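I open these notes with a plain aim, which is to go through one model and write down what I looked up, entry by entry.

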Amino acid sequence: MFFGGEAPPLDMHETGSEVVVEATLPGVKPEEVDVQVTGNVLTIKGERKEQEEKKEASYIYQEQRFGSFCRSVTLPTEVVVDKAKAEFEDGVLTLTLPKSETVKPKTIKITSK
């Protein structure tokens, strides 16, 4: 559980050409999530709204959390935000952030004389 001020869990990995971030956001709709990159900091924030108020219910347990959340992490490298992709499926937000050309690994061919 991460609602009520707690940060959503996420995984981040990189390949030679991109940084991939997967954030687990159960019960959140894509339109309730805001993703920003400022410099080398990625911020994911949003809000999970309560479905309906149960006025006549007498709760035995109430563990589901509602409210806003925010998570900021430092990216391992410079990325091109304009070419980023965001997909949301089964409560998981997947961000694919292409690395800047200046930080991508370059191969140097060796020739013999």
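Which strands make up the open sheet, and in what order do they stand? I note before answering that I am working from a predicted model. The open sheet has four strands in the order β1-β2-β7-β6, and the pairing is antiparallel. I find β1 and β6 at the edges, each of them pairing on one side only. From one strand to the next the twist averages 15°.

**Entry: the overall count.** I looked up the secondary structure and found seven strands and zero helices, which along the sequence reads as β-β-β-β-β-β-β. The protein has 113 residues, of which 28% count as buried. Its accessible surface comes to about 8300 Å², and carbon and sulfur atoms hold 47% of that area. Taking the contacts with a separation of 6 or more, I note that 56% of them come from residues 24 or more positions apart.

**Entry: the pairings in the open sheet.** I went through the sheet pair by pair, beginning with β1 and β2, which are antiparallel over five bridges and form a hairpin with three residues between them. Within this pair, L10 has A23 of β2 as its bridge partner. I then turned to β2 and β7, which also run antiparallel and are joined by seven bridges; here A23 stands opposite L93 of β7. A23 therefore enters my notes twice, as the partner of L10 and as the residue opposite L93. 

The remaining pair is β6 and β7, where I find antiparallel pairing over five bridges, with T96 of β7 as the bridge partner of K85.

**Entry: the β6-β7 hairpin.** What is the phi of D90 in the turn of this hairpin? The hairpin has two residues between its strands, and D90 in the turn has a positive phi of about 50°. I note this value for a residue that is not a glycine, given that most residues other than glycine have a negative phi. D90 belongs to the loop between β6 and β7, and I read it as exposed, with a relative accessible area of 73%. How many residues of strand β6 are buried? The number is zero of the five residues 85-89, so β6 lies largely in the open.

**Entry: the nonpolar core.** I next looked for the largest nonpolar core and found that it has 16 residues, with V21, L25, V33, L42, I44 and L93 having the most contacts inside it. The elements that each give two or more residues to this core are β2 (18-24), β4 (41-48), β5 (67-74) and β7 (92-98). I followed L93 further and, leaving out residues up to four places away in sequence, I find that L93 touches V21, E22, A23, L25, V33, V35, I44, A86, E87 and F88.

**Entry: T94.** Is T94 buried or exposed? T94, which is found in strand β7, is buried with a relative accessible area of 18%, and I keep in mind that the cut-off for buried is under 20%. With residues up to four places away in sequence again set aside, T94 touches V20, V21, E22, K85, A86 and E87.

**Entry: the salt bridge.** I searched the whole structure for salt bridges and one was found. The side chains of E14 and K99 meet in it, at 2.7 Å from N to O. E14 lies in strand β1 (residues 10-14) and K99 in the segment after β7, so the pair ties together parts that are 85 residues apart in sequence. I also looked up how far each partner is covered: E14 is partly exposed, with a relative accessible area of 43%, whereas K99 counts as buried at 9%.

**Entry: the segment after β7.** My last check was P105, which lies in the segment after β7 and is exposed, with a relative accessible area of 60%. How many residues apart in sequence are P105 and S17, and what is the distance between them in space? I find them 88 residues apart in sequence and 8.0 Å apart in space, taken from C-alpha to C-alpha.

How values were computed: Residues are numbered from 1 along each chain as its sequence is written. This is a predicted model: local features need pLDDT of at least 70, side-chain atom pairs count only at pLDDT 80 or more; totals for chains, interfaces and linings use all residues. Side-chain values use heavy atoms; hydrogens and water are left out. A nonpolar core is a set of buried Ala, Val, Leu, Ile, Met, Phe, Trp, Tyr and Cys residues joined through side-chain atoms within 4.5 Å. Buried means under 20% relative accessible area, exposed over 50%, partly exposed in between (1.4 Å probe, protein chains only). Contact means heavy atoms within 4.5 Å. Two strands pair if DSSP finds at least two bridges between them. A salt bridge is a side-chain nitrogen of Lys or Arg within 4 Å of a carboxyl oxygen of Asp or Glu. Axes are lines fitted to C-alpha atoms, for helices over the stretch in contact, and angles run from 0 to 180 degrees between N-to-C directions. Accessible areas come from the Shrake-Rupley method with a 1.4 Å probe; for residues, only the protein chains shown count as cover.
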